[in-house]
Amino acid sequence: AEHEADLVPTLTHALSAPTPVALNALSTLANLLRQDIGVTTALQSGIVPQLRNMILPMEFPPKVVVSALQATWNLANTPDGKVALVDAEFLPVLSHHCAQGDPQVRRLSAGCLMAMTINKQGKLESQCCLEPLVDLLLDASAAPYVDLGSVRSACLALKNAAEFPQARSSIVRIAQKRNLDPQRLTNMVRGEMFDGDEWPISKRYVDQWNRAADPSARAAS
């Protein structure tokens, strides 16, 4: 692992090389970050601005965007990575990808948002993500073959954001604007799509949805 971590600065710097080289470096970095290898070194080597540049709309070919999102998701699953990505304003860019485009890109973006909104600052800055996440959840649920990966990631990202009262109220308004009963969202996040050990069903969370839908209760939030 130490030898592999030593490669991280070289791989990070290679992200600015021509696309074929950058893509190979990106794939290797994504695998290393998935194993929590070299995370600190990658952050110190400037991987965050490189990744942000690679996921900007219309900047790179789709396969590069997909690989960059995979690396971003893996980085977002680490404590320091969450903080760095939120500070680098990844939330608006990921929200853009959630709202439109290739299904894989939308799913990966939702996964990144799911991981980043575990962070307190991610919850506080989640307003830009809420509408794209609700729309992705509805689109993925209505598809001929339900995209469970997108449904799960969108549900969990909304669940994380909903711990912030302002976000909770916004999600209810978005749902009502789409003629969607907020209770349906509550039912979705109570389903069996969660790992009972990693994502325990929160009675407090379910109650928050009901309170957000009730104007009198919302005033007390």
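# A first chat about an all-important question: what is in this fold?

Biologist: Let's start simple. How many helices and strands are there in the protein chain?
Modeller: Keep in mind that this is a predicted model. For the protein chain, the tally comes to 16 helices and zero strands.

Biologist: And what percentage of the residues count as buried?
Modeller: The protein chain has 221 residues. To be buried, a residue needs a relative accessible area under 20%. The share that passes is 49%.

Biologist: Which residues touch the most other members of the largest nonpolar core?
Modeller: As a general backdrop, nonpolar side chains tend to be buried together in soluble globular proteins. Here the largest nonpolar core holds 65 residues. Its biggest share, nine residues, is supplied by helix α6, residues 62–76. The members with the most partners in the core are Ile 47 and Leu 133.

Biologist: Which residues is Leu 133 in contact with, leaving aside neighbours within four places in sequence?
Modeller: Leu 133 is one of the two best-connected members of that core, along with Ile 47. Its contacts beyond those neighbours are Cys 98, Ala 110, Leu 113, Ala 154, Ala 157 and Leu 158.

Biologist: Back to α6. Why can we say α6 is largely enclosed by the rest of the structure?
Modeller: Helix α6 reaches 21 Å from its first C-alpha to its last, close to the 21 Å expected. Its buried residues include Val 64, Leu 69, Trp 73 and Asn 74. α6 is largely enclosed because the buried count is 12 of the 15 residues.

Biologist: Is Thr 72 buried or exposed?
Modeller: Thr 72 sits in helix α6. Not counting residues up to four places away in sequence, Thr 72 touches Leu 51, Leu 85, Phe 90 and Cys 112. Its relative accessible area is 0%, so Thr 72 is buried.

Biologist: At what angle do α8 and α9 pack?
Modeller: Helix α8 covers residues 90–99 and helix α9 covers residues 103–116, with axes 8 Å apart. The crossing of α8 past α9 is left-handed. The packing angle is about 145 degrees.

Biologist: How do the residues of that contact divide into nonpolar, polar and charged?
Modeller: On the α8 side, the residues include Phe 90, Leu 94 and His 97, and they meet a set in α9 that includes Arg 106, Ser 109 and Met 116. The split for the contact of α8 with α9 is 10 nonpolar, three polar and one charged.

Biologist: Where is Glu 89 found, and what is its phi near?
Modeller: Glu 89 lies in the loop between α7 (79–87) and α8. Glu 89 is not a glycine, yet its phi is positive, near 60 degrees.

Biologist: Which residue takes a positive phi just after α13?
Modeller: Helix α13 runs over residues 165–177 and reaches 19 Å, close to the 18 Å expected. Its buried residues include Arg 168, Ile 171 and Val 172. Just past this helix, a positive phi of about 55 degrees belongs to Asn 179.

Biologist: One more. Is Lys 159 buried or exposed?
Modeller: Lys 159 is part of helix α12, residues 148–161. Its C-alpha is separated by 8.9 Å from that of Thr 117, 42 residues apart along the chain. With a relative accessibility of 8%, Lys 159 counts as buried.

Conventions
Residues are numbered from 1 along each chain as its sequence is written. This is a predicted model: local features need pLDDT of at least 70, side-chain atom pairs count only at pLDDT 80 or more; totals for chains, interfaces and linings use all residues. Side-chain values use heavy atoms; hydrogens and water are left out. Axes are lines fitted to C-alpha atoms, for helices over the stretch in contact, and angles run from 0 to 180 degrees between N-to-C directions. Helices (H or I, at least four residues) and strands (E, at least two) are DSSP runs, numbered from the N terminus. A crossing is left-handed if the near helix is turned anticlockwise from the far one by less than a right angle, and right-handed if clockwise. Contact means heavy atoms within 4.5 Å. Ala, Val, Leu, Ile, Met, Phe, Trp, Tyr, Cys and Pro count as nonpolar, Asp, Glu, Lys and Arg as charged, and the others, Gly among them, as polar. The expected span of a helix is 1.5 Å times one less than its number of residues. Buried means under 20% relative accessible area, exposed over 50%, partly exposed in between (1.4 Å probe, protein chains only). A nonpolar core is a set of buried Ala, Val, Leu, Ile, Met, Phe, Trp, Tyr and Cys residues joined through side-chain atoms within 4.5 Å.
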